[in-house]
Amino acid sequence: MLILTPTSQLADCMEIQVIGLLGPVLGFEWLLSSFQVSLISATVFLGTSIGAPMFGYIGDKYGRKTVLMLGAALTCFYGLLSAFSSHFIWILILRSLVGVGVAAQSQAVSYFSEFLPAKSRGRGVAFLAIAYSLGAILEACLAVLILDPYGWQLWLMVSALPMLVFLFFMSFFPESPRFLNTSGFNSKAMLTLRMVADENSTHLPKGMLKRDKKVNVLIYYLITFQILP
């Protein structure tokens with residue numbers, strides 16, 4: 001998990017970084033206007049603005065793993081498909097859909113931190129941020145190695161592969177025990193915790209797992225900022 005979850009952040013950043021180079025490259029090849037080049041970059045963020053609230057709801061209702069796999073599948077599929085675009089409109093549509101999938105990977109922070117003890121969460125989240133930064137470096141290196149000699153199509157396909165790797169290995173990992181606990185699946189949560197304990201050659205504390213309550217985030221902030229009594 002220490003390697004897998006950061007991979008999602010690395011792959012996420014790679015797909016975001018694509019937009020910085022794809023627009024100018026297509027602008028030169030397809031003779032696009034500066035406005036059209038800007039649209040190629042903007043559509044990805046349009047997709048993320050749609051995907052973020054949608055996947056936030058799905059993650060709270062159906063689980064972190066479900067969201068991460070669904071988002072990775074969308075990102076990988078439309079990322080690969082965009083390599084075959086032959087028209088400006090198609091690249092806008094497909095990169096927008098990539099943006100929708102990319103938005104799901106923010107759930108990796110929740111997923112990862114919910115497996116960590118409280119004292120390690122800060123370092124764990126920082127590790128994800130480092131992986132995200134490495135994604136930017138890797139994407140720039142791929143652009144240097146692939147864009148000029150082989151073209152943007154192959155570059156887009158190679159850029160989508162890390163997300164495919166994440167999707168494959170994520171299928172073997174369990175759901176977040178905290179999500180299972182707050183959703184009332186205590187027995188499944190205990191099985192996951194025992195598996196994690198066995199993998200780390202340690203033992204769970206004695207006792208039964210008590211169900212935690214879900215927090216309504218909207219109500220929490222309304223009370224915090226004294227909008228509600």
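In this predicted model, Arg95 and Glu15 are both buried. Their side chains come together in a salt bridge, with an N to O distance of 2.8 Å. This contact joins distant parts of the chain, since Arg95 belongs to helix α4 (residues 88–103) and Glu15 to helix α1 (residues 4–30), 80 residues apart.

The Arg95 and Glu15 pair has company: the count of salt bridges comes to three. Arg64 is a good place to pick up the thread. The side chain of Arg64 meets that of Glu114 in a salt bridge of 3.0 Å, N to O. Here too the pair links distant parts of the chain, with Arg64 in helix α3 (residues 64–82) and Glu114 in the loop between α5 (107–113) and α6, 50 residues apart. Arg64 and Glu114 are both buried. Arg64 also forms a salt bridge with Asp60, and the closest N and O atoms of that pair are 3.0 Å apart. Through shared partners, the salt bridges join Asp60, Arg64 and Glu114 into one network.

The accessibilities of Arg64 and Asp60 deserve a short comment. Arg64 has a relative accessibility of 11% and therefore counts as buried, the cut-off for this class being under 20%. Asp60, with a relative accessible area of 41%, is partly exposed, because that value falls between the limits of 20% for buried and 50% for exposed. The salt bridge between Arg64 and Asp60 thus pairs a buried residue with a partly exposed one.

Attention now turns to the surface. Leu2, Ile3, Phe127, Ile130, Leu134 and Ile137 make a nonpolar surface patch of about 620 Å². One of these residues, Ile130, sits in helix α6 (residues 121–150). Ile130 has a relative accessible area of 49% and so is partly exposed; a residue would need over 50% to be classed as exposed.

The record adds a further layer to this picture. In an unreviewed entry, UniProt places the feature "transmembrane region" at residues 30–55, 67–84, 124–146 and 152–173. Among these spans, residues 30–55 are 88% helix and 0% strand in the model, and the C-alpha atoms at the two ends are 34 Å apart. For residues 67–84, the helix content is 89% and the strand content 0%, with the end C-alpha atoms lying 26 Å apart.

Definitions and conventions: Residues numbered from 1 in each chain as written. Predicted model: local features only at pLDDT ≥ 70, side-chain atom pairs only at ≥ 80, totals over all residues. Heavy atoms only, no water. UniProt positions renumbered as here; feature names shortened; annotations may be inferred. Helix = DSSP H or I, 4+ residues; strand = E, 2+ residues; numbered from the N terminus. Patch = residues over 30% accessible without salt bridge, like charges linked within 9 Å, V, L, I, M, F, W, Y side chains within 5 Å. Areas by Shrake-Rupley, 256 points an atom, 1.4 Å probe, with all protein chains shown as cover. Salt bridge = Lys/Arg side-chain N within 4 Å of Asp/Glu carboxyl O. Buried < 20%, exposed > 50% of the residue type's maximum accessible area, 1.4 Å probe, protein only.
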